[in-house]
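Student: Please take a close look at one loop of this model, and then show how the surroundings of that part are built. I would welcome a connected account with the criteria stated.

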Amino acid sequence: MAVSNLTVPGRTLVMGIVNVTEDSFSDGGRWINVDDAIAHARHLVASGADMIDVGGESTRPGAVRVAAEEEEHRVVPVIKALHEEGIKTSVDTMRASVAQAAAEAGADMINDVSGGAADPEMYRTMAATGLPVCLMHWRTVQFGSAAGVADHGGDVVRDVHESLAKLADSALQAGVSHDNIVVDPGLGFAKSPQDNWALLKALPEFLQGEFPLLVGASRKRFLAAIREDRGAESSPLLADPATAAVTAISAQMGAWGVRVHEVDVSRDAVDVAAAWNAGAAYTGGEHASGSYANGADGGTVVSTSLGRA
């Protein structure tokens with residue numbers, strides 16, 4: 001399988017997040033039960049997700065790593081069940097053993113937030129499975145805690161570019177196919193708010209690179225701070241509209257995928273970007289019908305239908 005087998009023609013892929021953890025920063029504990037995690041994944045797919053990213057270990061600031069056996073115990077049953085239902089999955093792990101077990105359970109992609117650097121066996125495992133992989137940028141001396149801001153040498157954009165190139169080269173040397181690599185700039189991982197905004201502003205540069213780009217801004221602290229700047233209430237969940245804004249802009253620019261907690265609004269954002277980019281060539285909208293009563297004045301909707309393009 002190659003990345004092209006996962007790519008959605010004409011639009012950005014939407015990756016829904018299922019954290020089978022007790023301590024993830026925005027939804028820790030909600031999906032720790034396997035049945036609850038599977039049900040949530042189904043809900044995300046019904047909301048428009050193309051793939052489910054299943055993780056069993058939190059990388060929030062201050063998080064303590066769980067044992068490999070526990071991580072595997074959390075993610076493998078979920079991936080296996082979703083695979084049997086025909087739902088595409090990626091496994092969010094920094095461990096080669098968990099990646100291997102997930103691949104055997106039917107995972108379609110390996111998503112490693114360490115870019116393969118946390119486990120010396122990861123690149124070889126990636127190559128052996130033959131699955132598409134996502135390599136994320138995370139400059140840290142100790143994988144497992146995103147606390148603190150790393151020194152990016154005064155130019156975070158250049159650092160991320162160069163670091164991702166090195167990670168990709170390591171993967172290629174281990175036998176990972178060039179066509180199997182996606183990269184992620186690692187928004188929120190050991191980066192200041194200014195670093196994150198600099199990376200988003202530089203998104204066109206990353207999109208001109210040789211590998212497809214995954215953007216993972218969902219519910220990150222720097223987005224929640226947007227509300228605080230105007231004195232509004234702030235929380236990870238209240239950052240979903242800002243997440244959708246990042247999704248829309250990333251999709252309009254041509255990002256391969258976005259990784260999000262709240263799928264529905266981000267799928268809308270992706271679909272709008274696809275229609276916007278297509279312009280007169282847009283072939284969707286065949287499900288749009290009905291009319292609004294006093295719609296221009298904000299009146300009651302009489303009937304309307306808008307299907308997914």
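Tutor: Helices (H or I, at least four residues) and strands (E, at least two) are taken here as DSSP runs, numbered from the N terminus. This is a predicted model, in which local features need pLDDT of at least 70 and side-chain atom pairs count only at pLDDT 80 or more, while totals for chains, interfaces and linings use all residues. Residues are numbered from 1 along each chain as its sequence is written, and side-chain values use heavy atoms, with hydrogens and water left out.

The loop to examine joins strand 7 (214–215) to helix 9 (221–229) and contains Arg219. Most residues other than glycine have a negative phi. Arg219, which is not a glycine, has a positive phi near 60°. Its relative accessible area is 9%, and Arg219 is therefore buried (under 20% relative accessible area; exposed means over 50% and partly exposed in between, with a 1.4 Å probe and protein chains only). A second case is Ala190, with a positive phi of about 55°. Ala190 lies in the loop between strand 6 (181–184) and helix 7 (193–201), and at 5% relative accessibility Ala190 also counts as buried.

These two loops belong to a protein of 11 helices and 10 strands, in which 50% of the 309 residues count as buried. Contact means heavy atoms within 4.5 Å. Of the contacts between residues at least 6 apart in sequence, 67% join residues at least 24 apart.

The interior can be described through its nonpolar cores, each a set of buried Ala, Val, Leu, Ile, Met, Phe, Trp, Tyr and Cys residues joined through side-chain atoms within 4.5 Å. The largest core has 63 residues, and Ile52, Leu135 and Ile181 touch the most other members. Helix 6 (residues 156–173) supplies the largest share of this core, seven residues. Apart from this core lies another, of 11 residues, including Val3 and Leu214. Beyond its neighbours within four places in sequence, Ile181 is in contact with several residues, among them Val3, Leu135, Phe211 and Pro212.

Ile52 leads to helix 2 (residues 34–46), where Val45 is placed. Val45 touches Ile52 and Ile87, when residues up to four places away in sequence are not counted. At 30% relative accessibility, Val45 is partly exposed. The C-alpha atoms of Val45 and Val263 are separated by 8.2 Å, although these residues are 218 apart along the chain.

A helix pair completes the account. The axes of helix 3 (residues 68–84) and helix 4 (residues 96–105) come within 8 Å and cross at roughly 20°; such axes are lines fitted to C-alpha atoms, for helices over the stretch in contact, and the angles run from 0 to 180 degrees between N-to-C directions. Helix 3 and helix 4 are therefore roughly parallel, a term for angles under 35 degrees (over 145 is roughly antiparallel, 65 to 115 roughly perpendicular and the rest oblique). Among the residues that meet are Val75, Val76 and Ile79 in helix 3 and Val98, Ala101 and Ala102 in helix 4. Helix 4 also holds Gln100, which is partly exposed at a relative accessible area of 29%. Leaving aside neighbours within four places in sequence, Gln100 is in contact with Thr125 and Thr129.
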